[in-house]
Amino acid sequence: MKETYSPADIESKIQTFWAENRCFEVEEDTSKEKYYCLAMFPYPSGRLHMGHVRNYTITDVIARFQRMQGKNVLHPMGWDAFGLPAENAALKHNTAPATWTYANTDYMRRQLNELGFGFAWSRELTTCKPDYYKWEQWFFTKLYEKGIAYKKVAAVNWCPHDLTVLANEQVVEGGCWRCGTIVERKEIPQWFIRITDYADELLSELEELDAWPEKVKTMQRNWIGKSRGITMRFDLVTPVAAEQSFEVYTTRPDTLMGVTYVSLAAQHPIALELAKTDKKIADFIDACKQQTVAEADMANMEKLGIDTGIKAIHPITGERVPVWLANYVLMDYGSGAVMAVPAHDQRDFEFAQTYQLPIKQVIAPQNNESIDIEKAAFVEKGILVNSGEYDGLDFKAAFDALAQTLETAGKGRVTINYRLRDWGVSRQRYWGAPIPILNLADGSEIPVPIERLPVLLPEDVEMDGVQSPIKADINWRKTTFANQEVERETDTFDTFMESSWYYARYTCPDAEQMLDPEKANYWLPVDQYVGGIEHAILHLLYARFFHKLMRDEGLVKCNEPFKRLLCQGMVNAETYYREPKGSQREYIAPECVEIERDEKGKAIKAVHVETGEPLNFGGVIKMSKSKNNGVDPQSVVSQYGADTVRLFTMFAAPPEQSLEWTDSGVEGAFRFLKKLWKAVYEHTQAGEPGELIVGKLDAKQIELRRKTHETIKKVSDDFGRRLTYNTAIAAVMELLNDVNKKADRNSALGLAVEHEALEAAVLMLAPIVPHITHELWQALGNETQLIDTPWPAFDENALVKSSTIIVVQVNGKVRGKFEAAVDAEKSELEKTALANENVQKFIDGSTVRKVIVIPNKLVNIVAN
């Protein structure tokens, strides 16, 4: 081996060895325990960012470790390739989305390989290729035949910039999750999948996911939103056309006696009927179409409404209450009607104040606390007041009593409701999988039969940024079926369709069916899944749902797709900016910033490297293009090597916590690898190690060997159970320090002890820094390949200590230490402690009242 560590000399050579020997390709093997490790696959944006690097380093470390445990490990990679960004990039670069996408996957694949990730590339899949989306289309036709997939006209979130529908989950603070444009409401025909049919199962089986972060499970529980309430009927005083009543669902029937008006959604059948003869109501309904249908955003917007002039009859008191239309009531939630209780619901309170409607308190705090209903709604549960015969009841008693009254009168019933809504999967964009439906001349539709699948998306297209090419192409749209002219559906699938089952296709990427059940059932569920928590209620919920659909189709047996979930933290970095001349800060790229730091590494001054002008510190935040604080992985790999990048990302923070990128931290990781290389080099130059005969070791050699096996034990636990790789790395660093301090290179036996320590260090670091450890393993004289070498086992006998350090306290303060045999008698420990020279200084002239001895640990002397 060379004397100096040079990653450029070894990394590409070792990557070639892995590729040529197909080291990471696996097949089903029932004689081995399987382990399926998976990172959420990337969108092929063109370049890896540090978030990608961290994510894939984590799974690569886990996969390599599990392989060293003797398991049959699957660790695949692919591309989530459909989506709007490709359309936008194609417009910008005057090319087709397919051309841009395939060029990006080629480039990013090279980047992934240069980082040493051990992926099973023979299983690579790209979701925009027909051999993948063919089976997604087939599965949709099966769902259509079962009635699980259906089409209806629906109010949707419409992005006027991207010209497409957004799911509620994709509306963020009233804007499109991609471009930020304010979202509008629009009614168009849409395809849906009945996720609500699985709501109860999706909720209840969260309890079985004991290796998922509780935060993710809580987010899914809240999104599914199961509730128990009462559905009740309000009759109209005067029918509106055929409408004689409407239903209201509430989880707070205890407030029923406080209803002072009722609110209908703008799209409620009663509202639409009234709009036929009332222009003001019609105008209000039109205005409501210009707002999002996302519930979270509606909760924060201004509450507006209009009095319809009609009255409804209170189902208990018989009182007549006014019926209003309100912009904060959604037709798709509940029945599109709510009973308004301004005293106990903040939305109703704001609305009532705006329109000077009555506010009647019917709930009082249980602790008789004073409240002011004129200032804000009291929304907590309490004791009923001003409620006639129900006065004095608490929530549960009131719920039961009112439910009984309403059921007896035939005006209500207890019901279970869900916040979750069916999954809208239609998108009015080009770059997606075509929905496999043929529209007939009579307005009906039929699914495309399997022999005509896939419905191919044309890839050689020109983008104009206005209309989808497949909508504009009459030759693509129009076709024939069963001797009649038909028209293809021009909507494409939501890209979450592709990402909801890709993990299963990896198990059998070449199957001439959606899944090969034998192979899928061997590998599934995924044993370890890694990705960002931002996917908690989009991808992760949809994937769980899709898995249950595949199970019910007989394609898989297990109920859940992912056994263990790790949500990695963000990669953060410092930001610096010029003093803004306008309202916007100009953030400066890291390579253009020169930073002066104090002895602790804190930045005390920053200037622009070219102009010398002072820069302001903008905080440590997530790496992003907008803040210009991203670090190009390629440049760091070129300077320090892939192993340094991998080591830093695993050492800087535990996987689930945010990581702060620092140049000094990267440099420190590089120094450690050089130190490791040097230790092995010097060991190999010192001569041949002899046979490790434990009974002949001296005290120093025993101590080093014990440190080796203590480290193996700790690191094995950190890797296998705790997933705390930073502490594992720290432990190996400590071991290397001990090797450099205590190694005996003057004897064959001493070299044998050092050799064992260095081999253990190399093996323990192998999952994290696979290139340098591959080389060092060979340098240590091993003929087997490191990639096929088992994880080291610790020797229990080596952990046994013959002596230990005893701490001596006087009146609770440490005053001395001494070494003693582990089996020393208490009397001997007491005698040695009292005789300690430093301890004598603190008890001289005092009377020793008591001596407390804790064997192998402590002697505490009480004296005064």
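Does Val 822 count as buried, partly exposed or exposed, and what is its relative accessibility? In this predicted model, Val 822 has a relative accessibility of 30%, and because buried means under 20% and exposed means over 50%, the residue counts as partly exposed. Val 822 lies in the loop that links β35, residues 813-821, to α26, residues 826-835. When the neighbours within four places in sequence are left aside, the contacts of Val 822 are Lys 801, Ser 802, Ser 803, Thr 804 and Asn 856. A reference point elsewhere in the chain is Pro 365, which is 457 residues away from Val 822 along the chain and separated from it by 64 Å between C-alpha atoms.

The two elements that flank this loop lead into a sheet and the helix that crosses it. The sheet is open and has four strands in the order β35-β34-β37-β36, with mixed pairing. Its edge strands are β35 and β36, the latter covering residues 848-854, and each of them pairs on one side only. Direction ignored, neighbouring strands of this sheet are turned by 20° against each other on average. Within the sheet, β34 (residues 803-810) and β37 (residues 858-863) pair in the parallel sense over four bridges, and Val 807 has Leu 858 of β37 as its bridge partner. Helix α26 lies across β34, β35, β36 and β37, and runs at about 125° to β36.

Lys 801, already met as a contact of Val 822, also leads to Glu 710, a residue of helix α21 (residues 699-722). Neighbours within four places in sequence aside, Glu 710 is in contact with Leu 799 and Lys 801. Between Glu 710 and Glu 796 the C-alpha to C-alpha distance is 9.0 Å, although the two are 86 residues apart in sequence. With a relative accessibility of 31%, Glu 710 counts as partly exposed.

Another part of the chain is organised around strand β28, which covers residues 571-578 and has eight of its eight residues buried, so that this strand is largely enclosed by the rest of the structure. Three pairings of β28 can be followed in turn. With β33 (residues 659-660) the strand pairs in the parallel sense over two bridges, and here Val 571 stands opposite Leu 659. With β32 (residues 616-622) the pairing is antiparallel and extends over six bridges, with Glu 574 standing opposite Val 620. With β29 (residues 586-587) the pairing is again antiparallel, over two bridges, and the bridge partner of Arg 578 in β29 is Glu 586.

A further open sheet of four strands has the order β2-β1-β26-β27, with parallel pairing. At its edges stand β2 (72-74) and β27 (565-567), and because each has a single partner strand, one side of each is left without a neighbour in the sheet. The average turn between neighbouring strands of this sheet is 15°, direction ignored. The pairing of β1 (residues 34-39) with β26 (residues 528-531) is parallel and runs over three bridges, and Cys 37 has Gln 528 of β26 as its bridge partner.

Asp 80 offers a view of a buried position in a loop. This residue is placed between β3 (78-79) and α3 (84-93), and its relative accessibility of 16% is under the 20% cut-off, so Asp 80 counts as buried. Beyond the neighbours within four places in sequence, Asp 80 is in contact with Phe 41, Pro 42, Tyr 43 and Pro 44, and also with Thr 127, Thr 495, Glu 498 and Ser 499.

These local pictures belong to a chain with 27 helices and 37 strands, whose C-alpha trace spans about 105 × 80 × 65 Å along its principal axes. Of the 864 residues in the chain, 54% are buried. Among the contacts between residues at least 6 apart in sequence, 72% join residues at least 24 apart. The chain exposes about 38800 Å², of which carbon and sulfur atoms supply 47%. As for charge, the chain carries 99 positive and 123 negative charges, and the mean positions of these two groups are 3 Å apart.

Methods:
Residues are numbered from 1 along each chain as its sequence is written. This is a predicted model: local features need pLDDT of at least 70, side-chain atom pairs count only at pLDDT 80 or more; totals for chains, interfaces and linings use all residues. Side-chain values use heavy atoms; hydrogens and water are left out. Buried means under 20% relative accessible area, exposed over 50%, partly exposed in between (1.4 Å probe, protein chains only). Contact means heavy atoms within 4.5 Å. Accessible areas come from the Shrake-Rupley method with a 1.4 Å probe; for residues, only the protein chains shown count as cover. Lys and Arg count as positive and Asp and Glu as negative; His and the chain ends are not counted. The place of a charge is taken as NZ of Lys, CZ of Arg, CG of Asp or CD of Glu. Two strands pair if DSSP finds at least two bridges between them. Axes are lines fitted to C-alpha atoms, for helices over the stretch in contact, and angles run from 0 to 180 degrees between N-to-C directions.
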